[in-house]
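Biologist: I'm new to this one. Can you walk me through it?
Modeller: Sure, here it comes.

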Amino acid sequence: MEQFTAEQQEKIVHAIQLAESRTSGEIRLAVEPHCPTDPLERATVYFQRLGMNQTAQHNGVLLYIATEDHQFAIIGDRGINAKVPANFWEETKELMVQHFKRGDLVQGLIEGIVHAGEQLQHFFPRLDDDVNELPNDIAFGNGKD
């Protein structure tokens with residue numbers, strides 16, 4: 001399994017914190033070695049498991065990646081999906097794939113986080129009373145449950 005070093009994890013979490021500092025939206029990353037089903041289905045499992053469907057404005061975004069299987073998916077809750085352009089998630093995936101193809105998984109994830117954060121900021125700007133509803137850490141799984 002491709003592990004992220006502590007420094008790489010720190011960079012990814014920092015990107016999430018920075019993106020979320022400008023929006024009321026929530027961004028999470030779920031990582032596991034193998035994807036036991038379709039990546040979109042697996043992302044949906046994590047979306048539920050991480051409570052992303054319970055944010056006040058339904059504006060959570062999840063990036064899911066199976067490192068050994070080289071599969072990933074991005075999903076947003078209904079609040080963000082109702083506002084972003086139809087091709088938004090594909091556009092985000094393409095930005096990420098450019099880095100993945102060069103073997104730079106971390107930068108690809110950061111690009112996806114930044115891009116999602118920009119859209120969240122546009123449609124869900126941070127409010128004075130905004131609270132961080134979900135943790136910013138990376139959710140690691142084993143690809144089996």
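Biologist: Which residues are buried in helix H2 (residues 39-49)?
Modeller: Pro39, Arg42, Ala43, Tyr46 and Phe47. Buried means under 20% relative accessible area, with a 1.4 Å probe and protein chains only. Helices are DSSP runs of H or I, at least four residues; strands are runs of E, at least two; both are numbered from the N terminus. This is a predicted model: local features need pLDDT of at least 70, side-chain atom pairs count only at pLDDT 80 or more, and totals for chains, interfaces and linings use all residues. Residues are numbered from 1 along each chain as its sequence is written, and side-chain values use heavy atoms, without hydrogens and water.

Biologist: Where on H2 do its buried residues fall?
Modeller: They fall within an arc of 145° seen down the axis, so they line one face of the helix. The arc is taken from the directions from the helix axis to the C-beta atoms.

Biologist: What do they pack against?
Modeller: Strand S1 (26-32), strand S2 (60-66) and strand S3 (71-76). Contact means heavy atoms within 4.5 Å.

Biologist: And what is found just after H2?
Modeller: Gly51, with a positive phi of about 70°.

Biologist: New topic. Is Glu20 buried or exposed?
Modeller: Glu20 is buried, yet has no salt bridge (a side-chain nitrogen of Lys or Arg within 4 Å of a carboxyl oxygen of Asp or Glu). The nearest side chain of opposite charge, Arg126, is 6.8 Å away.

Biologist: Which helix holds Glu20?
Modeller: Helix H1, residues 6-20.

Technical notes: Buried < 20%, exposed > 50% of the residue type's maximum accessible area, 1.4 Å probe, protein only. Lys, Arg positive; Asp, Glu negative; His and termini not counted.
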